[in-house]
Amino acid sequence: MANWRSTIGCMVLGSGLLLGGCGGGGGDGTTAGDATTGERAAAVGAQVPDATAADTQLPTLVLNTPADLAANLTGRIDITADASDNVGIAGVEFQVDGALWGDDDTNPPYMTSITTTRLTTGQHVIRARARDTSNNRSAWVTRVVQFGNDVQVPEGFTKTALVGGLTGATSFAQAPDGRIFVAQQTGEVRVIKNGVLLPTPFATLANVNTEGSERGLGGIVLHPDFATNGWVYVYYTTNDGGTHNRISRFTANGDVAAGPPTALFGLPTLTTTMHNGGAMHFGIDGKLYVGVGDGGLGAPAQDRTSLFGKMLRLNDDATIPTDNPYYGTNTGNARAVWAIGLRNPFTFAIRPSDGRIHINDVGQNTWEEIDVGIAGANYGWPNSEGPDNLTAAFTAPLFTYRHTAATPPGSAIGGFIIGRCIAGGAFYPVGGSFPARFQGNYFFADFTTHEISRVDLSNGNAVYSFAKTVGEPVDLRVATDGALLVLTRNNIVRIAPT
Ligand SMILES: [Ca+2]
Ligand SMILES: [Ca+2]
């Protein structure tokens, strides 16, 4: 487990070359930064010991308030710091959630403030660093804090119900034409067109097994060439030939299926109703990735010849790619195994820009986790959960959070992010309609807390609270218009800049 709090400070430091250049007599005039730095150096000229020597000594900073792990903050909070340097401090920069917060403070006392109601209730990360007159920067000093109040989206965003009227929704997908396809657990595929839930289902699956609370239709994905081939893939529990999960494919004819689906790939017979998995997405390699739960059995997740507790990789006709990691050592359908050691990967996401995969694995007793998808990786279940009992054989989670608050709150891995069932993941694209500080983030939801958080992949995988829904989230998607869509059991919530 990479401890993101210890990696935040690893920013590239400014060099002392600018001051050296200025001291050469008249300056080399190469950058506007020289003039600025030169002016600052002149302003503290009495402190410059040798104008011809570069100052390479970093400034230092002490962040006085807020305290680390300050909880339930309300009202306005002041962020205050002291800075010192061998030559002189040019300014102190502040960040909130990985983005600069206001201008540099160039005069002591160094401070800024934030009104807590501007950000969503939950975890936020405050940072400060000092810059000296030679543009040397201290490491970021970080405080992880928790905002109180009851704020459900950050300032500048609105949350609206795109559509209601769904029943037992589990997964959704969006066509290039904007239509949204929703899987309902009892076997219906519904279509939302122009913001309206069509009364006639796209299809209703026959022989769906919905025993227990987890069986049924659990996943849906559209082929990358859906616009031309109309292929809609579903993952569901069927009674045909013994109770098992199956991947089938419909062909669309307008807003309804052209006929019954074709069964493409069968998973092993189930012996419990739990941990069915069901998430499906196409990679940028054109392959179909499938998250399969451990069937409530645990141990088979470590058996690379079992299909339980795995990420699978298939061709779009459910034949098996010959470059799968165990293609040469497994036989039959087990050649589809791509990664092992998962408990219930009910949701995952693939980044369109480069194919990076984040697998959300629902935990058992203590931890929820986000794993980075790697061919042949072993994520440890059932021997390891979250950061517990990791060995060299297991790939540690990218981020993991507890089911219950630590003592004191926020002090364990995962900080103030708490939940019992990770469900829904989406990469927010660079160039989308969200402000720059949200772009490139990985958003994930928790079914039990209804909270949506975001992983700041460019800031040491720090995690910030983003939104909260009324209903229970089961899936996330960035819509074709750049909004973040949250599928709950009975509606779709749209979150977008105001
Ligand atoms: Ca210095
Ligand atoms: Ca794991």
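## The calcium ion (ligand 2)

In this predicted model, the calcium ion (ligand 2) has as its protein donors Glu369, listed twice through OE, and Tyr379 through O, and these donors lie 2.3 to 2.8 Å from the ion. The pair links distant parts of the chain, for Glu369 belongs to strand β25 (residues 367-372), while Tyr379 sits in the loop between β25 and β26 (399-402), 10 residues apart.

Are these two donor residues buried or exposed? Glu369 has a relative accessibility of 5% and therefore counts as buried, and Tyr379, at 2% relative accessibility, counts as buried as well. The cut-off behind this reasoning is that buried means under 20% relative accessible area.

## The calcium ion (ligand 1)

The calcium ion (ligand 1) has a list of protein donors made up of Asp55 (OD, twice), Gln57 (O), Asp85 (OD, twice), Asn86 (OD1) and Asp132 (OD), which lie 2.2 to 2.9 Å from the ion. Along the sequence, the spacing of these donor residues can be written as D-x1-Q-x27-D-N-x45-D. Because Gln57 lies in the loop between α3 (32-43) and β1 (60-65), whereas Asp132 lies in strand β6 (residues 122-132), this pair ties together parts of the chain that are 75 residues apart in sequence.

How accessible are Gln57 and Asp132? Gln57 has a relative accessibility of 47% and so counts as partly exposed, whereas Asp132 is buried, with a relative accessible area of 0%.

## Strand β27 and its partner

Strand β27 covers residues 422-427, and because six of its six residues are buried, the strand is largely enclosed by the rest of the structure. β27 pairs with strand β28 (residues 442-446) in the antiparallel sense, over four bridges. For Ile422, the bridge partner in β28 is Asp446.

## Cavities inside the protein

Rolling a probe the size of a water molecule over the atoms shows where empty space is left. When the whole structure is searched, four cavities of 30 Å³ or more are found, and the largest cavity has a volume of about 70 Å³. This largest cavity is lined by 14 residues, of which Ser171, Ala279, His281, Phe346 and Asp475 are the closest to its centre.

Which strands contribute to this lining? At least two residues of the lining of the largest cavity come from each of β9 (169-174), β14 (217-222), β19 (277-282) and β31 (473-478). Sorted by class, the lining of the largest cavity consists of six nonpolar, six polar and two charged residues.

How values were computed
Residues numbered from 1 in each chain as written. Chains lettered and ligands numbered in written order. Predicted model: local features only at pLDDT ≥ 70, side-chain atom pairs only at ≥ 80, totals over all residues. Heavy atoms only, no water. Buried < 20%, exposed > 50% of the residue type's maximum accessible area, 1.4 Å probe, protein only. Pairing = 2+ DSSP bridges. Donors = N, O, S within 2.8 Å, 3.2 Å for Na, K, Ca; no water. 1 Å grid on protein atoms, 1.4 Å probe; cavity = no way out; pocket = protein on both sides within 12 Å on 5 of 7 lines; lining within 4 Å. Points joined across faces, edges and corners; volume = space filled by probe spheres on them. Nonpolar A, V, L, I, M, F, W, Y, C, P; charged D, E, K, R; others polar.
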